[in-house]
Amino acid sequence: MFDFNLIIKSLPMLLQASVWTVIYSLSSVAIGFCIGTLMCAAGLSASRLGRGVAAFYVSFFRGVPLLVQLLISYYCLPLIGVNVPSSVAAVGTLALCTGAYIAEILRGGFLGIPHGLVEAARMVGLSRAQILTRIEVPLAVRFTLPSLVNETTMMVKASSLISVVGVLELTRLAQNIATSTFQPLEIYLTAGAIYFVINGVITLAGRFAESRFRLETAR
Amino acid sequence: MTAHPVANSRPIIDVRGVWKRFGAAEVLKGIDLAIRKSEVTCIIGPSGSGKSTLLRCIAFLEEYSEGEIYIEGELLGFALENGKRRRVSDAEVARVRRNVGFVFQQFNLWPHMTALENVAMPLKLARGIAREDAAKRARAMLEKVGLGHRAEAYPSQLSGGQQQRVGIARALAMEPHIMLFDEPTSALDPELVGEVLQVMRDLAAEGMTMAVVTHEMGFAAQVADTVVFIDRGVIAASGSPDEVFRKDENPRLRQFLQNYFERNVFWQGSGDVAVP
């Protein structure tokens with residue numbers, strides 16, 4: 001009844017598709033981290049314009065469902081003359097969405113940095129950008145690492161949504177196989193297991209980084 | 001106490017009529033102060049008198065509200081246009097104070113970097129010195145403050161006194177023309193104060209120009225060329241240690257010193273009182 005042969009036969013294809021899942025989700029987290037850092041810095045800056053832009057950005061991308069954002073970018077970008085591959089539009093949308101969450105996560109980390117550490121950096125002549133990249137971001141990441149790892153696992157799962165705009169990744173391929181073989185149970189269970197393993201690895205990597213950072217504060 | 005040749009040249013720091021207000025509160029009310037090359041100036045006074053604020057204004061960590069501060073002849077933080085002052089860019093502020101080193105009460109070492117990286121990183125980034133040379137100079141600075149053997153330690157693995165000495169090494173590595181110390185020993189356990197003061201004594205003996213906000217009257221008496229007593233935002237007394245500690249009649253100064261000595265009496269025997 002339960003067809004193990006089908007699983008074994010389709011596993012290579014599913015694993016190949018899961019490579020795309022990893023690429024799409026990790027690259028959107030990486031881009032989103034840069035966006036989130038800038039938005040976080042803008043939100044905490046003295047500039048009223050910067051704070052306004054950051055507040056609008058965060059409230060839009062947190063307030064609108066990711067699926068709706070993906071549909072907007074898929075159907076509306078061509079209307080305004082932006083013709084990019086749907087995978088690029090999808091990663092861009094994922095990045096913008098996670099960037100809003102990362103900005104909020106980092107904000108807590110930034111606020112936890114003693115102001116004296118920034119003053120010390122100013123007194124030895126570091127520029128604003130150097131202080132951001134060498135002092136504030138590394139410390140904010142250390143303070144918020146568990147939340148950032150959590151956000152990354154959320155993005156691996158959220159990347160399954162981009163299947164609806166025709167981008168081939170794990171979920172999309174699983175759908176294709178399931179509809180052609182009429183055996184959804186085996187295929188979706190396998191896909192679920194692969195997601196589970198990917199996020200397990202990410203969580204382990206996060207634990208490892210945490211223990212590395214703990215060395216710095218060990219007495 | 002080391003004897004320094006009296007330099008009559010242009011002061012390294014020249015503070016003229018500086019006021020600082022936080023909202024309605026007036027913290028500095030017209031401060032005039034000149035610090036010359038190789039001089040050690042100790043700034044004393046009750047807490048809340050404005051002495052730390054003055055030092056932070058000289059470093060432009062606080063924007064002063066009125067008056068002028070010149071660093072080696074250059075106006076700090078502002079440009080004068082038709083008698084009006086205009087705030088200059090952060091990069092310009094950094095340029096004018098490039099030769100000012102600052103040591104903080106709370107050390108403010110970057111916790112994610114080793115002692116060596118704390119000293120070497122600014123050399124690489126702010127001075128553009130190659131990695132190897134920066135590491136070499138950083139190591140030499142750590143040796144100088146007696147911490148060559150702790151170069152690979154993270155700040156959390158160092159005692160307060162060691163952290164503060166790394167803080168001094170970090171400032172010294174930039175080859176400053178003047179070092180500002182903001183209560184450098186106030187956050188330390190009493191038994192760790194001595195090692196930091198010794199490093200500062202050595203610096204003074206080498207001829208480093210220093211301004212030190214401190215509660216260490218012994219250090220001020222032995223090392224300072226000039227002692228400045230700040231009270232309620234004004235310089236209420238200043239002069240040589242002998243003049244300020246023994247001769248000046250200012251009642252607020254006498255009261256301040258009396259309080260200090262009473263706090264530091266540690267032994268009361270039969271009739272005689274020992275003061276440190």
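Which residue takes a positive phi in the hairpin of strand 6 of chain B and strand 7 of chain B? Keep that question in mind while we walk through this predicted model, and we will start with the hairpin itself.

Strand 6 (residues 78-81) and strand 7 (residues 84-87) of chain B run antiparallel and are joined by four bridges. One of the pairings to look for is A79(B), whose bridge partner in strand 7 of chain B is R86(B). Two residues lie between the strands, and N82(B) is the one with the positive phi, near 50°.

Chain B also holds an open sheet of four strands, in the order 2-1-4-5, with antiparallel pairing. Strand 2 (25-35) and strand 5 (74-75) of chain B each have a single partner strand, so these two stand at the edges with one side left without a neighbour in the sheet. Eight bridges connect strand 1 (residues 13-22) of chain B with strand 2 of chain B in the antiparallel sense. To find your place along this pair, start at K20(B), whose bridge partner in strand 2 of chain B is L28(B). As you trace a strand, a general point may help: in a regular strand the side chains alternate between the two faces of the sheet.

Next comes a sheet of six strands in chain B, also open, which reads 8-9-10-3-11-12 and has mixed pairing. Its edge strands are strand 8 (100-103) and strand 12 (234-239) of chain B, each pairing on one side only. With direction ignored, neighbouring strands of this sheet are turned by 15° against each other on average. Within the sheet, strand 3 (residues 40-44) and strand 11 (residues 226-231) of chain B pair in the parallel sense over four bridges, and F229(B) in strand 11 of chain B is the bridge partner of I44(B).

Two helices that pack on this sheet are worth a look. Helix 5 (residues 160-173) of chain B touches strand 8 and strand 9 (178-182) of chain B, and the direction of this helix makes about 170° with that of strand 8 of chain B. Helix 9 (residues 251-264) of chain B touches strand 3, strand 11 and strand 12 of chain B, with its direction at about 100° to that of strand 11 of chain B.

Now turn to chain A, which has eight helices and zero strands. Its C-alpha trace spans about 70 × 50 × 25 Å along its principal axes. Helix 1 (residues 4-43) and helix 7 (residues 170-181) of chain A have axes that come within 8 Å and cross at roughly 150°. Angles over 145 degrees count as roughly antiparallel, and therefore helix 1 of chain A and helix 7 of chain A are roughly antiparallel to each other. In their contact, residues of helix 1 of chain A including L6(A), M13(A) and L14(A) meet residues of helix 7 of chain A including L173(A), A174(A) and I177(A). The contact residues divide into eight nonpolar, four polar and no charged.

Finally, where does the largest pocket draw its lining from? At least two lining residues each come from helix 4 (86-111), helix 5 (115-123) and helix 6 (128-158) of chain A, together with helix 2 (90-96) of chain B. The volume of this pocket is about 730 Å³. It is lined by 25 residues, and the closest to its centre are H115(A), V118(A), R122(A), R128(A) and E136(A). The lining divides into 15 nonpolar, four polar and six charged residues.

Key: Residues numbered from 1 in each chain as written. Chains lettered and ligands numbered in written order. Predicted model: local features only at pLDDT ≥ 70, side-chain atom pairs only at ≥ 80, totals over all residues. Heavy atoms only, no water. Axes fitted to C-alpha atoms, helices over the stretch in contact; angles between N-to-C directions. Parallel < 35°, antiparallel > 145°, perpendicular 65-115°, else oblique. Contact = heavy atoms within 4.5 Å. Nonpolar A, V, L, I, M, F, W, Y, C, P; charged D, E, K, R; others polar. 1 Å grid on protein atoms, 1.4 Å probe; cavity = no way out; pocket = protein on both sides within 12 Å on 5 of 7 lines; lining within 4 Å. Points joined across faces, edges and corners; volume = space filled by probe spheres on them. Pairing = 2+ DSSP bridges.
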